Structure formats: structure tokens, C-alpha cells
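Hi,

Here is the structure I promised to pass on to you. Have a look at it first, and then read my notes below.

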Amino acid sequence: MKLFNLKDDELLFLKQELASNTTMPREFGKSNASCQHCESVCQSGCGANCTDAASSHGH
Amino acid sequence: MSNLRKTIMLTLTEACNLNCVYCYEHNKTSKEMSKDIAFKIIEEALQKGDTAVEINFHGGEPFLKFDLMRETAEYFWGKYNPENRYVFFASTNGTLLTEEIKKWLSDHKKHFWCGLSFDGTEAMQNKNRSNSADNIDLNFFVKTWPKQGIKMTVSRITLPDIAEGTIFLHKKGFQVNNNLAYGLDWNDDACIKIISEQLEKLMDFYLDNPDITPASILSLNVEWFTRDDKEKPHRFCGAGRYMRCFDTAGKEYPCHFFMDINWSGKKSESFDADMEILKGEDCLLDPFCKNCEIKLVCPTCYGYNFVATGDPAKRDRNLCILTKIQAAACAIFALRRIKRDGKLTINGKDIPIGNALQGINSVLNNEFFSNDERLKNFKLMN
């Protein structure tokens, strides 16, 4: 069974763009964070609401 | 350590006035934290001189102890200027806010934030969270803290309505942080089909409404999808390092999942050693995940892993399948945005297109699913 309606023209676009775009060094860490005590993009659902509070308290 | 915010979480009470269908706190009691313990923990944290401290009131339901929250906040605001230094935060079900409490919160909204849990439409909220929708003033929360997202947990009974619930909350003005509840068995074909259909609907909504920030369930950073098994995963969560949690007696844990309120039975002999590991630098990669394309961004929860498997690193396999489907949806969604806009922004960050395309490509192949026995009947392309 196929999941999602991924179309052939979308896959063709991906293939073409992959050939014409180069990659850059990746930076992991704070610049990637949506949460300021988790280093990544936390979606753990632990209930602490820490991700929600990210970058919005003026720190 | 980088200069990330430090969070200290205080469990003010183990009691809660709701009984949500997915609640992981199976051993709630009437235990409460005393004022002396709360003051001591906060005093020590603030005396360390950190410049970004979040003091997080948790429960149970912390608004059962609103008087203590108010007294604590007002005491420390009088003693230490909170400006650019610390903030109070309460995770709440939102049902206990009287007009007097709302007034106090409005007056202090800059230095006291609330994060509301609300599970989609009112009907979804009522199914998951004890028929509580009528007791919650959504407008108060979005008006008081407009940048604060709302936490929407998805249970099996609300799974067929993820898109409708998320869109409902967006239309109320919220950013939406949605997640699949822990501790449930999601491993059947019906769940797989339903969540993929729901995420497809949600993608369509965001593509039609580009000014709305997509919910967290469609915001995995595709830049970090990779088939390269040499790249070392980052520590996913800051529990134990940037976050410390205290139970009602003042005992410290890396996060609230490790507290007795979540446990039944005897803790393993390695419990104390595991708590120390969480304070260190180990990335805690589950060997099972070594070759997984999404291991760098998979939202694993060390606390829940410990509750479910006895090992903070060992992933609860129940969520693997749906997380893979979520990743496939994020990849397709990212591809469609790049195709339409020529650029991609995730969580406010512009993603280099080449990196994003590499990540998308690592997931959008049928091997991503066929490597998992439970997903072998499903594919992403013809």
C-alpha cells in the first residue's frame, strides 16, 4: 500500500535539484535549536512545555 | 557546555484534577512540595549566576498550588531582578484559572509564563482530557502569551482528527506543538494509514496558508536526515545537563520522567549510574538505531525510554513506525515547499537547499520503510 500522494513530477524535481545544488557544512547545536535547554528540536512530548517556551522569554 | 538556558523543574504537587487518557504519571499521590524546599532549590539555582534560568513549575497540576507559585515568584522578584536572568513557567491544564489568578498572571506575564495543554478541537480535548474543554479559556492564554505554543497530545482516539485539531488551534491563534502520546501501542496498519492521511491533509493546509508556522509534527529538520551511519548523533535532550528536576521532597532527577510518580515496581540497580550518565556528554544512541536515516533528529525521550525499557538510550519501539511516517511526511512537505518557493525554512531557520535535498532523498525511497518489518507492506513511491 502506498502512503502519501508523492507524485512523479515531485520525484523528478528532487532528482534534478539534487544534481544542481551543492551541500554546505552542517552546523548542529544551538543554531538548530527550537528549544534552549534541549540542543535539538525536541518533540518529546514530556509535558514540560520546554519547546514552547523557546526563544520567547527574552533571554 | 554552551550557553543554553538552564531549566529547573519543581514538582509542586503530585495531584491533578484531571485524568487524561494517556497520562504517564501512574502513581500520583497527594504529596506536595513545601515552601522551604521550593525556596531552597530556587535560591541555589539563582545563586549560581547563570544568566538564563527557567524555573518550571510542574505537577500533577501546578495550579493546585497557585498560592505557593505566587508567593515564590513574588519573593524572588523582590530579591533578584528577573530581567534577562530568569523566568517562571508553569505547565498547566488550564482548568483552575479563576479571574483573580488571570489578573495576577496578566500583571506578571513578562516574567511568569504558562504553557497550556489542549488536544485539538473541543471534542478531542474532551475525549482525551476529562471533558475539560468548557473549563479552559483559550483566548486568555493566546492573548497573554501570544508567542507561547500550545501542547497538543495525540492519543489513539484522536489520531483520526490530528489535522482538524491542529487547524482549529491555529485558527485560535496558537502555534501548535503536537506529539504522539507515549506508552500506547501504535503498531497496526490502521494507525499507519490514518496518520499518513492526516499529515497529508495538514501539509495541504500549510501549503495553502504559508504565513502559519507549521506544527512540530511536520517540522523535523530534513537537513539532518542521512543514510551516512558514520555521523555521530547529537544528544537529543538536555535532561540532566541543561535540565534538572526535583520531586516534592526535593530529590533531584535529570527530568520528571525518572521520578517515582511515573514508576511502578522496583528501580533497577543501575538507576543511580544511569542518572550520572545523563549528566555527561554521551549521545545515548540506541544501537538498534545506528543505521536509521532519522537517528540524528528522532525525538527520542531518555526519560520515557527508561520508564519503558529500563535504559535511557533504548528507544521505545512503539513510536518508531509512526516517527518514520512523520519523517516521510516532513520530507515530502519540505520538497513541496522547495518546489513552490525555491527555499525552505524550518523552525525559523533557513535550510541550505542542497543539504535539505540530500536529507529528503535519504528518506524518500522505499528502502526507508522496507528496512522495518512492521512497515514492509507500505511504500512511498510506485
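Let's start with the cysteines. Over all chains, the structure holds zero disulfides, where a disulfide is counted as a pair of cysteine sulfur atoms within 2.5 Å. In case the word is new to you, a disulfide is a covalent bond between the sulfur atoms of two cysteines. B:Cys298 is in no disulfide, and the nearest cysteine sulfur, in B:Cys289, is 6.3 Å away. The sulfur of B:Cys330 is too far for a bond, because the closest cysteine sulfur, in B:Cys298, is 12 Å from it.

Are these cysteines buried or exposed? B:Cys298 counts as buried, at 13% relative accessibility, and B:Cys330 counts as buried at 1%. (Buried means under 20% relative accessible area, exposed over 50%, and partly exposed in between, with a 1.4 Å probe and protein chains only.)

Before going on, a word on where this comes from: it is a predicted model, so local features need pLDDT of at least 70 and side-chain atom pairs count only at pLDDT 80 or more, while totals for chains, interfaces and linings use all residues. Residues are numbered from 1 along each chain as its sequence is written, chains are lettered from A and ligands numbered from 1 in the order in which they are written, and side-chain values use heavy atoms, leaving out hydrogens and water.

Now the whole of chain B. It has 12 helices and 10 strands; these are DSSP runs numbered from the N terminus, with helices (H or I) of at least four residues and strands (E) of at least two. Of its 382 residues, 60% count as buried. The C-alpha atoms of chain B fill a box of roughly 65 × 45 × 35 Å along the principal axes.

My favourite bit is strand 5 of chain B. All five of its residues, 150-154, are buried, so the strand is largely enclosed by the rest of the structure. B:Ile150, B:Met152 and B:Val154 lie on one side, with B:Lys151 and B:Thr153 on the other, and both faces are covered. Strand 5 runs parallel to strand 6 (residues 176-180) of chain B, and five bridges join them; strands pair if DSSP finds at least two bridges between them. B:Thr153 stands opposite B:Asn179 in strand 6. Between the two strands the chain passes through helix 6 (residues 162-172) of chain B, in a right-handed β-α-β crossover (with the strands pointing away from you, the path from the first strand over the helix to the second runs clockwise).

Cheers
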